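Biologist: I'm new to this one. Can you walk me through it?
Modeller: Sure. Here it comes.

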Amino acid sequence: MQIFGILGILGVIVIGFQDRAGEQIKYLDPHAMLIILGGSLAATLLGSKSRDFLKTFIHLAEILPFGKSFQKETQTMETERQKIETAWIEGRRGEVVQLGEQSRLASTRMIVDQILQRASNDVIENRFLALCHTVADDREGAIQNWELMSRLGPSFGIVGTITGMVQMFKSFGTSSNVGTTLSLALLATLYGIAFGAGISSPIMSFLQKIYHDRLNVIDRCQTTVKQLKSMS
């Protein structure tokens with residue numbers, strides 16, 4: 001996959017040096033947009049695993065109203081943790097066992113199993129640490145890619161600016177349209193900053209927040225196991 005990233009970056013440079021004579025100046029410039037988006041995606045592809053690159057965009061479903069599966073699962077984990085805690089404290093041990101058998105969540109089954117087995121604190125910590133690592137393996141790559149793109153956007157804006165300035169200098173003394181090359185130079189910088197600070201960075205922050213919410217719930221699950229085990 002990295003070879004496609006290298007080819008993509010080379011393609012962005014070629015696009016930047018395309019002749020823009022005769023084009024009209026416009027606020028929405030596909031040429032400049034392609035440099036920013038294409039360059040950022042190509043560089044991200046070059047620097048990440050294929051699986052993480054795909055998850056970079058798959059996890060965007062969490063932004064959609066009907067696609068919040070990870071957030072809903074986190075809420076369910078917390079709800080079932082609270083049910084276990086309440087039932088165990090109130091002496092309804094059979095209800096706790098039933099919940100552990102019926103739940104589809106690994107965290108809930110893990111809580112019940114370790115309470116019933118009176119697992120040592122070391123075992124409890126290792127099991128929940130493994131669960132945290134599973135979540136990290138699924139999410140951290142995508143978060144890092146969005147963080148990378150938040151920095152790459154302005155960088156490729158500079159690429160567009162430089163290529164636009166080169167084309168503008170070539171246009172001096174000719175019949176070429178200097179205005180369109182200057183617009184590429186300025187709009188590429190604008191688009192790069194907007195993409196990095198206005199799109200990629202907020203997405204990274206959002207995905208990071210829901211990731212940390214999951215880790216916090218897992219940490220509460222571990223604490224609950226230790227507390228309830230001491231009561232049995």
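Modeller: One term before we start: buried means under 20% relative accessible area. Also, this is a predicted model.
Biologist: Okay. Is Cys-221 buried or exposed?
Modeller: Cys-221 is buried, because its relative accessible area is 0%.
Biologist: How many disulfides are there?
Modeller: The count for the whole structure is 0.
Biologist: Why is there no bond between Cys-132 and Cys-221?
Modeller: Their sulfurs are 9.6 Å apart, so they are too far for a bond. A disulfide needs the two sulfur atoms within 2.5 Å. For Cys-132, the closest cysteine sulfur is the one in Cys-221.
Biologist: New topic. Which residues touch the most other members of the largest nonpolar core?
Modeller: Ile-84, Ile-111, Ile-115, Phe-128 and Ile-218. That core has 45 residues. Helices H1, H2, H4, H5, H6, H7 and H8 each supply at least two of them.
Biologist: Which helix gives the most?
Modeller: H8, with 15 residues.
Biologist: And what is Phe-128 in contact with, leaving aside neighbours within four places in sequence?
Modeller: Met-110, Ile-111, Gln-114, Ile-218, Cys-221, Gln-222 and Val-225. So Cys-221 from earlier is one of the contacts of Phe-128.
Biologist: What about the backbone at Arg-118?
Modeller: Arg-118 has a positive phi of about 50°, though it is not a glycine. Most residues other than glycine have a negative phi.
Biologist: Where is Arg-118?
Modeller: In the loop between H6 and H7.
Biologist: Last one. Where is confidence lowest, and where highest?
Modeller: It is lowest in helix H1, at a mean pLDDT of 80, and highest in helix H4, at 95. The chain averages 88, and 91% of the residues score at least 70.

Key
Residues are numbered from 1 along each chain as its sequence is written. This is a predicted model: local features need pLDDT of at least 70, side-chain atom pairs count only at pLDDT 80 or more; totals for chains, interfaces and linings use all residues. Side-chain values use heavy atoms; hydrogens and water are left out. pLDDT is the predictor's confidence in each residue, from 0 to 100. Helices (H or I, at least four residues) and strands (E, at least two) are DSSP runs, numbered from the N terminus. A nonpolar core is a set of buried Ala, Val, Leu, Ile, Met, Phe, Trp, Tyr and Cys residues joined through side-chain atoms within 4.5 Å. Buried means under 20% relative accessible area, exposed over 50%, partly exposed in between (1.4 Å probe, protein chains only). Contact means heavy atoms within 4.5 Å.
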